[in-house]
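Work through the exercises below with the sequence and the model open. Each task is followed by a solution in steps.

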Amino acid sequence: MASYFSLPKQVALFFWVFLVFVSFVGMGSAQLSDDYYSSTCPDVLTTIESAVDTAVSNEARMGASLLRLHFHDCFVNGCDGSVLLDDTANFTGEKTAIPNNNSLRGFDVIDTIKSQVESVCPGIVSCADILAVAARDSVVALGGPSWTVQLGRGDSTTASLTAANNNIPAPTLNLSGLITAFSNKGFSANEMVALSGSHTIGQARCTSFRARIYNETNIDSQFATSLQSTCPSTGGDNNFSPLDTTSPTSFDNAYFTNLQSQLGLLHSDQQLFNGGSTDSQVDTYSSDSDSFFNDFSNAMVKMGSLSPLTGTSGQIRNNCRKTN
């Protein structure tokens, strides 16, 4: 039989391409999958769902908090659980970053879920995967759409305060800034608008919308006046108002109908409907909740796939707040 090196050039090239393809497929097998824990921890999804349902039942706002944790995790060096790491004397995490400090919450719920999952199948399920599933289950618990969460992420042993400060979109961004911030993570402008629809649940601090309610003109005057009692020009920094004034604890399309009436709470919210390129998409979502739900679900699957640690990368933390 002829050796590889004695084959004609075209045949040798074919074999080389084939070997590269096989190698690529082998690498792909270490990527995320929807049945990753089917044999190693078959009860993980029901365990997480039950814990999320309990937490959201106790406090509806927690659904938005858990969804936001996943978002702030994925936008900083990928969905790797880094946002959950506590600062120590020798380690600086992301919790004190400007977008996160005194703002992110739900860490105790993730601790509870992790403890329950560990009791079912110790050392198997990552904190990053728990975040991804809890985000989906939170949306469903508040009446929103479901989607198939891809699983198999590892947990990081590092974090980046700088990336957290620079990569998470600020509530002060104009439309062009929003488009750029999401484009930097591989999202289209349409996907950015769909993901912004997550603001149909949750609340924001006075510091995030004070400038808008006192200085901007593209806001309903009665809406602005009503918010000023909650958010005075000085003081009350940590007072909260719902992002969706119509149905703040229901995951629906009211966020978009509010934008049409200039009832966006954040500057960045109202930028989606302010005479710009995304106005028509807001119009579509405001009249067609199914379209919003479908686009949101697809964008969440894409977000959950941002730079995961797979295969031998990362670790399965025993405690989501610290590395092993």
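**Exercise 1: the largest pocket**

The largest pocket of this predicted model has a volume of about 1,100 Å³.

Task: Find which residues lie nearest the centre of the largest pocket, and which elements supply its lining.

Solution.
- Step 1. The lining of the largest pocket consists of 47 residues. Nearest the centre are Arg68, His72, Pro171, His199 and Leu266.
- Step 2. Elements that each supply at least two lining residues are the helices α3 (61-74), α7 (175-183), α8 (189-196), α9 (206-215), α12 (267-270) and α14 (289-303), together with the strand β1 (203-205).
- Step 3. α3 gives the most to this lining, with 7 residues.
- Step 4. Sorted by class, the lining has 25 nonpolar, 15 polar and 7 charged residues.

**Exercise 2: α8 against its partners**

Task: Determine how α8 is oriented relative to α14, and then relative to α7.

Solution.
- Step 1. The angle between α8 and α14 is about 105 degrees, and their axes are 8 Å apart.
- Step 2. An angle of 65 to 115 degrees counts as roughly perpendicular, so α8 and α14 are roughly perpendicular to each other.
- Step 3. On the α8 side, the contact is made by Glu191, Ala194 and Leu195; on the α14 side, by Phe292, Asp295, Phe296, Ala299, Met300 and Lys302. This contact of α8 with α14 has 6 nonpolar, no polar and 3 charged residues.
- Step 4. For α7 and α8, the axes come within 9 Å and cross at roughly 100 degrees. α7 and α8 are therefore roughly perpendicular to each other as well.
- Step 5. Here α7 contributes Leu175, Leu178, Ile179 and Phe182, while α8 contributes Ala189, Met192 and Leu195. By class, the contact of α7 with α8 has 7 nonpolar residues, no polar and no charged ones.

**Exercise 3: α2 and α5**

Task: Are α2 and α5 roughly parallel, roughly perpendicular or oblique to each other, and is their crossing left-handed or right-handed?

Solution.
- Step 1. Helix α2 covers residues 44-58 and helix α5 residues 127-141; their axes come within 9 Å and cross at roughly 50 degrees.
- Step 2. That angle is neither under 35 degrees nor within 65 to 115, so α2 and α5 are oblique to each other.
- Step 3. The crossing of α2 past α5 is right-handed.
- Step 4. Leu45, Ile48, Glu49, Val52, Asp53 and Val56 of α2 meet Ile130, Val133, Ala134, Arg136, Asp137, Ser138 and Ala141 of α5. The contact of α2 with α5 divides into 8 nonpolar, 1 polar and 4 charged residues.

How values were computed: Residues numbered from 1 in each chain as written. Predicted model: local features only at pLDDT ≥ 70, side-chain atom pairs only at ≥ 80, totals over all residues. Heavy atoms only, no water. 1 Å grid on protein atoms, 1.4 Å probe; cavity = no way out; pocket = protein on both sides within 12 Å on 5 of 7 lines; lining within 4 Å. Points joined across faces, edges and corners; volume = space filled by probe spheres on them. Helix = DSSP H or I, 4+ residues; strand = E, 2+ residues; numbered from the N terminus. Nonpolar A, V, L, I, M, F, W, Y, C, P; charged D, E, K, R; others polar. Axes fitted to C-alpha atoms, helices over the stretch in contact; angles between N-to-C directions. Parallel < 35°, antiparallel > 145°, perpendicular 65-115°, else oblique. Contact = heavy atoms within 4.5 Å. Left-handed = near helix turned anticlockwise from the far one by under 90°.
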